[in-house]
Amino acid sequence: MSTIAAIATPPGAGGIAIVRMCGPQAKEMLARMFLPFSPHFENFRPWMLYRGRILDSDREALDDALAVFMPGPHTYTGEDMTEIHCHGGPFIVRTVLENALRLGARLAERGEFSRRAFLNGRMELSQAEAVAEMIAAPSREALRYSLNRLEGLLGRRTLVLREKLDALRAQVCLAVDFPEEDVECLAPQAFALAVDDVIVGVRRLLAGQKRARLMQHGALVVLAGAVNAGKSSLLNALLGRTRALVTEFPGTTRDFLEEMCEIDGLPVCLTDTAGLRATAEPVESLGVAASHQKLREADAIVLVLDGARLHEQGAAAPTCPDPAAVEALALAGETPVLVVWNKSDICMPKVFPPRWSAGFPCRAVSALSGEHLDELARDLRTLVLGDGAGSATPDGIAPNVRQAGALNEALVELQALKTDILAGQPYDCCAVRLDTAATRLGDVTGVASPAEVLNRVFSQFCIGK
Ligand SMILES: Nc1nc2c(c(=O)[nH]1)N(C=O)[C@@H](CNc1ccc(C(=O)N[C@@H](CCC(=O)O)C(=O)O)cc1)CN2
Ligand SMILES: Nc1nc2c(ncn2[C@@H]2O[C@H](COP(=O)(O)OP(=O)(O)OP(=O)(O)O)[C@@H](O)[C@H]2O)c(=O)[nH]1
Ligand SMILES: [Mg+2]
């Protein structure tokens, strides 16, 4: 087993940086480049932080630093680990790492520390993934889901479901081997009920998936509508700073523009788009095509209406008088839409919400004066999260995209299994589906995941993690 080394802290200058080593030579390597200050120092006591000099290859002092030795198997990776906490200058850190490499360490690959932790049985796959998710978490709620995964809550829940399938499998084996005692072993009705119980369990785990995804990766919210409606003004107002150009000339925004922000506690990728109108101008056409694409990708659409232009006929008309709005609604499909009547500071419609907007939530705001923007933010949160907008998943347990994929595959298999049982299919056929479902559940924790799955998971990590 090789000894690996990496810088665990981000690149660039910082107060302190950490170089970590892991493997059988980790302690030896540290000892060769660390000169303790204390005259009483004999050897590294586990988990004790020592101060000393870091020496470079010709034993010249390089830094005044702290170092620690953590003996396996009770460490993050399960192997011997050491760390040097040095001053966070890029030159110092790089030289410390180079010294470790010169002493025989190999530069760690992305996620290799966590991969070792997984391979050494210190954590299962959903826990290892949680490490990277903790680091990426953009909101308090996302962090809660990740920490619960890191602590193995999701893994344990799926394990319980897998064990139920294993128990069923044992009973099916009995039924196959001793067919004359079939009824006593496992009546089809009881079998189907037991499968149903697991189906319910899998569904419960999947319930929080959408919300967890939105909290972890942010919702794509697209501002769309006619030219000059005030989309860019609204983007600036919601961001609280001037990010997009605003002019009185229609067609100011040509390309879409994305900014991450938090709207009422929800991480959002807010997207300003080129105004929708028929145009022969080639550059503007490309911009409008990009707006169409964004409308198709959106998690939620804010349809911005130009109050100043629409107020004459706009609100009382039976059908939408704004062709850009009609176009946006056609592209929206199933995506939730919030209709925003902008420029309420100068033009409030007599009828509000407009007659034709039935079915869509509506809000009149002014991007210019800021009136009703707080309400707009709350509307948006509700729009994106749907019914459960107020509360997180009750137990804080939710799968990530990969885990949800595996759970969904298990679900499909279990539903087919239930149909087969009730249709009187022989038990040896059922056993195959049971196995497949159990394997898919096992993918959540990676019990038997092939190397390519592990490669995909760990390649998304940072170096040094
Ligand atoms: N400096 C530093 N900070 C860090 C880490 C690290 O490796 N180094 N971590 C990691 O990347 C995280 C902490 N994660 C850890 C996970 C498991 C164990 C561990 O297995 N500890 C042993 C022994 C504990 C003891 O003796 O008190 C155990 O729990 O069995 C330690 C840290 C976050 N902060
Ligand atoms: N009175 C008033 N004027 C506004 C408001 N919002 C935007 N405007 C004005 O409307 C004009 C167009 O605003 P923009 O934000 O550039 O509109 P847009 O929808 O991004 O336009 P395009 O990029 O051309 O599609 C500018 O002159 C803004 O100052 C508002 O709430 N009240
Ligand atoms: Mg604009």
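Domain bounds here come from an automatic or database domain assignment. With the predicted model open in the viewer, begin by colouring the chain according to that assignment, which gives domain 1 (4-108), domain 2 (132-208 + 397-458) and domain 3 (216-385).

**The domains**

Select domain 2 and domain 3 together, and place a marker at the centre of each: taken over C-alpha atoms, these centres are separated by 42 Å. Where the two domains meet, 8 residues of domain 2 are in contact with 4 residues of domain 3.

**The magnesium ion**

Next, select ligand 3, the magnesium ion, and show the side chains of Ser232 and Thr253, whose OG and OG1 atoms respectively are its protein donors and lie 2.0 Å from it. Ser232 belongs to helix α10 (residues 231-239), whereas Thr253 sits in the loop between α10 and β9 (257-263), so the pair ties together parts that are 21 residues apart in sequence. Ser232 counts as buried because its relative accessibility is 8%, and Thr253, at 15% relative accessibility, counts as buried as well.

**Helix α10 and the largest core**

Stay with helix α10 and move to Leu235, which is found in it. Leu235 has a relative accessible area of 0% and is therefore buried. If neighbours within four places in sequence are left aside, the residues in contact with Leu235 are Leu223, Arg243, Ala244, Leu257, Leu270 and Asp272. For a distance across the fold, draw a line from the C-alpha of Leu235 to that of Trp341: the two residues are 106 apart in sequence and 14 Å apart in space.

Now select Leu234, which, not counting residues up to four places away in sequence, touches Leu223, Val302, Val304, Val340, Val365, Ala367, Leu373 and Leu376. Leu234 is also one of the residues with the most contacts inside the largest nonpolar core, a set of 35 residues in which Val221, Leu270, Val302, Leu376 and Val384 share that distinction. Helix α14 (residues 373-385) provides the largest share of this core, with 7 residues. Keep the domain colours on while looking at this core, since at least three of its residues are drawn from each of domain 2 and domain 3. Another core, of 32 residues, lies apart from it and has Leu154, Leu414, Leu417 and Leu441 among its members.

**Helix α15**

Which residues does Leu407 touch, not counting those up to four places away in sequence? Select Leu407, found in helix α15, and the list reads Thr158, Val202, Leu205, Leu206, Pro399, Leu441 and Val444. Its relative accessible area of 0% places Leu407 among the buried residues. Leu407 and Val202 are 205 residues apart in sequence, yet their C-alpha atoms are 6.6 Å apart in space.

**The pocket and the cavity**

Turn next to the largest pocket, which has a volume of about 430 Å³. Its lining is made up of 17 residues, and those lying nearest its centre are Glu129, Glu133, His217, Asn400 and Gln460. Helices α4 (125-136), α9 (209-217), α15 (401-422) and α17 (451-458) each supply at least two residues of this lining, and α4 gives the most, with 5 residues.

The largest cavity can be displayed separately, with a volume of about 60 Å³. To outline this cavity, select Arg149, Gln209, Ala212, Arg213, Gln216, His217, Pro399, Asn400 and Val401. The helix that gives the most to the lining of the cavity is α9, with 5 residues.

**Backbone details**

Finish with three places along the backbone. Most residues other than glycine have a negative phi, and most peptide bonds are trans. Go to Gly72 and Pro73, which are joined by a cis peptide bond with omega at about 0 degrees; Pro73 lies in the loop between β5 (61-70) and β6 (81-88).

Then select Asp264, a residue other than glycine whose phi is positive, near 50 degrees. Asp264 is found in the loop between β9 and β10 (266-272), and with a relative accessible area of 37% it is partly exposed. The last stop is Lys343, which is not a glycine but has a positive phi of about 70 degrees, and whose place is in the loop between β12 (337-342) and β13 (362-364).

Definitions and conventions: Residues numbered from 1 in each chain as written. Chains lettered and ligands numbered in written order. Predicted model: local features only at pLDDT ≥ 70, side-chain atom pairs only at ≥ 80, totals over all residues. Heavy atoms only, no water. Donors = N, O, S within 2.8 Å, 3.2 Å for Na, K, Ca; no water. Helix = DSSP H or I, 4+ residues; strand = E, 2+ residues; numbered from the N terminus. Buried < 20%, exposed > 50% of the residue type's maximum accessible area, 1.4 Å probe, protein only. Core = buried A, V, L, I, M, F, W, Y, C linked by side-chain atoms within 4.5 Å. Contact = heavy atoms within 4.5 Å. 1 Å grid on protein atoms, 1.4 Å probe; cavity = no way out; pocket = protein on both sides within 12 Å on 5 of 7 lines; lining within 4 Å. Points joined across faces, edges and corners; volume = space filled by probe spheres on them.
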